[in-house]
Amino acid sequence: MIWQWTKEKIKTFWQKEKWYILGAVILALFFGTWYSILQTKVYAEEIQEGISQKVVRLHILANSDSEEDQKLKLQVRDSILGGLSKKLEGCTSKKETLALLSHIKEEIAALAGAEVAKAGYAYPVSVSVVREEFPEKQYGKLVFPRGVYDALRIEIGKAEGHNWWCVMYPQMCYVDAAYGFPKEQGEKRLAHTLTKEEYLVVSALEQKKEMPKIKLKVVQWWQERKHKTK
């Protein structure tokens with residue numbers, strides 16, 4: 001009897017209030033989804049901006065995509081990295097690195113110009129310290145998310161060819177043994193520069209656990225979504 005009475009009460013209540021209940025469920029789902037998206041946005045932005053605030057990138061643009069111009073781009077890269085290695089080694093912060101690069105822009109342009117001339121070309125060379133949009137870039141198993149970064153930008157000739165990218169601070173352009181910096185040393189410097197969470201995302205592909213990879217996917221998804229809506 002009590003069960004029957006309870007069922008009748010519930011049925012009556014549902015008939016009277018079902019649209020309010022359904023509305024409340026829909027609103028809960030909507031706000032839950034909205035909150036999840038907001039949290040995703042906040043997390044992804046914090047990670048990318050946190051990384052951006054701590055690193056300096058290098059961006060070299062070749063004159064064209066011809067084999068000769070692409071080869072010249074790499075020759076200019078080697079000349080710049082070889083000429084700057086000792087000076088950059090003394091920089092212990094992003095601020096110091098940017099100040100140094102701004103101070104020696106003409107020296108860098110001269111180094112690049114000399115390499116261009118040595119190779120038999122008359123391309124002009126432009127050097128600037130900028131804030132610009134970088135695509136997502138993978139260095140080995142380290143992934144830097146898409147976003148705006150401070151960078152040393154070197155343009156060779158028309159600067160219409162494929163780019164070469166790396167990280168100048170912390171000094172990760174020098175992971176090649178030819179410059180005396182083993183790969184592990186570059187990664188240690190990066191880990192020391194970034195927060196634990198930022199490095200967790202950047203180094204996700206090197207890790208066995210799935211959570212860092214999921215976090216990397218979250219950052220990648222949001223940065224791509226943000227770019228498409230611009």
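**Sheet, cores and salt bridges of the predicted model**

Strands S2 and S5 are joined by ten bridges and run antiparallel. In this predicted model, the two strands belong to an open sheet of four strands with mixed pairing, in the order S2-S5-S1-S6. The edges are formed by S2 (125-134) and S6, each of which has a single partner strand, so one side of each lacks a neighbour in the sheet. From one strand to the next, the twist averages 30°. Within the pairing of S2 with S5, Ser128 is placed opposite Arg153 of S5.

The protein chain as a whole contains seven helices and six strands, which follow one another from the N terminus as α-β-α-α-α-β-β-β-β-β-α-α-α. The chain has 230 residues, of which 38% count as buried. Its accessible surface amounts to about 13700 Å², and carbon and sulfur atoms contribute 60% of this area. Among contacts with a separation of 6 or more, 70% are between residues 24 or more positions apart.

Strand S1 pairs with two strands of the sheet. It is joined to S5 by six bridges in a parallel arrangement, and six bridges also join S1 to S6, with the strands running antiparallel. His59 illustrates both pairings: this residue stands opposite Arg153 in S5, and its bridge partner in S6 is Trp165. In a regular strand, side chains alternate between the two faces of the sheet. In S1, Val56, Leu58 and Ile60 point one way, whereas Arg57, His59 and Leu61 point the other way, and all are buried. Because six of the six residues of S1 are buried, the strand is largely enclosed by the rest of the structure.

Two helices lie across strands of the sheet. Helix H3 crosses S1, S2, S5 and S6 and runs at about 35° to S1. Helix H4 lies across S2 and S5, at about 110° to S2.

In soluble globular proteins, nonpolar side chains tend to be buried together. The largest nonpolar core of the model has 26 residues, and those touching the most other members are Leu58, Leu84, Leu101, Ile108, Leu152, Ile154 and Met168. At least two residues of this core come from each of S1 (56-61), H2 (67-89), H3 (94-103), H4 (105-118), S5 (147-156) and S6 (163-169). The most is given by H2, with six residues. Beyond residues up to four places away in sequence, Leu58 touches Leu81, Phe134, Leu152, Ile154, Trp164, Trp165, Cys166, Met168 and Cys173. A second, separate core comprises 22 residues, including Phe134, Leu190, Leu194 and Val201.

Ten salt bridges were counted. In one of them, Arg189 is paired with Glu89, with the closest N and O atoms 2.9 Å apart. This pair links distant parts of the chain, as Arg189 lies in helix H5 (residues 183-193) and Glu89 in helix H2, 100 residues apart. Arg189 is buried, at 16% relative accessible area, while Glu89 is partly exposed, at 37%. A further salt bridge connects Glu155 with Arg153, at 2.8 Å from N to O. Here Arg153 is buried, with a relative accessible area of 18%, and Glu155 is partly exposed, with 23%. Glu197 and Lys215 form another salt bridge, in which the closest N and O atoms are 2.7 Å apart. It links helix H6 (residues 196-202), which holds Glu197, to helix H7 (residues 210-228), which holds Lys215; the two residues are 18 residues apart. Glu197 is partly exposed, at 27% relative accessibility. Finally, Lys94, Arg131 and Asp150 are joined into one network by salt bridges that share partners.

Methods. Residues are numbered from 1 along each chain as its sequence is written. This is a predicted model: local features need pLDDT of at least 70, side-chain atom pairs count only at pLDDT 80 or more; totals for chains, interfaces and linings use all residues. Side-chain values use heavy atoms; hydrogens and water are left out. A nonpolar core is a set of buried Ala, Val, Leu, Ile, Met, Phe, Trp, Tyr and Cys residues joined through side-chain atoms within 4.5 Å. Buried means under 20% relative accessible area, exposed over 50%, partly exposed in between (1.4 Å probe, protein chains only). Contact means heavy atoms within 4.5 Å. Accessible areas come from the Shrake-Rupley method with a 1.4 Å probe; for residues, only the protein chains shown count as cover. Two strands pair if DSSP finds at least two bridges between them. Axes are lines fitted to C-alpha atoms, for helices over the stretch in contact, and angles run from 0 to 180 degrees between N-to-C directions. A salt bridge is a side-chain nitrogen of Lys or Arg within 4 Å of a carboxyl oxygen of Asp or Glu.
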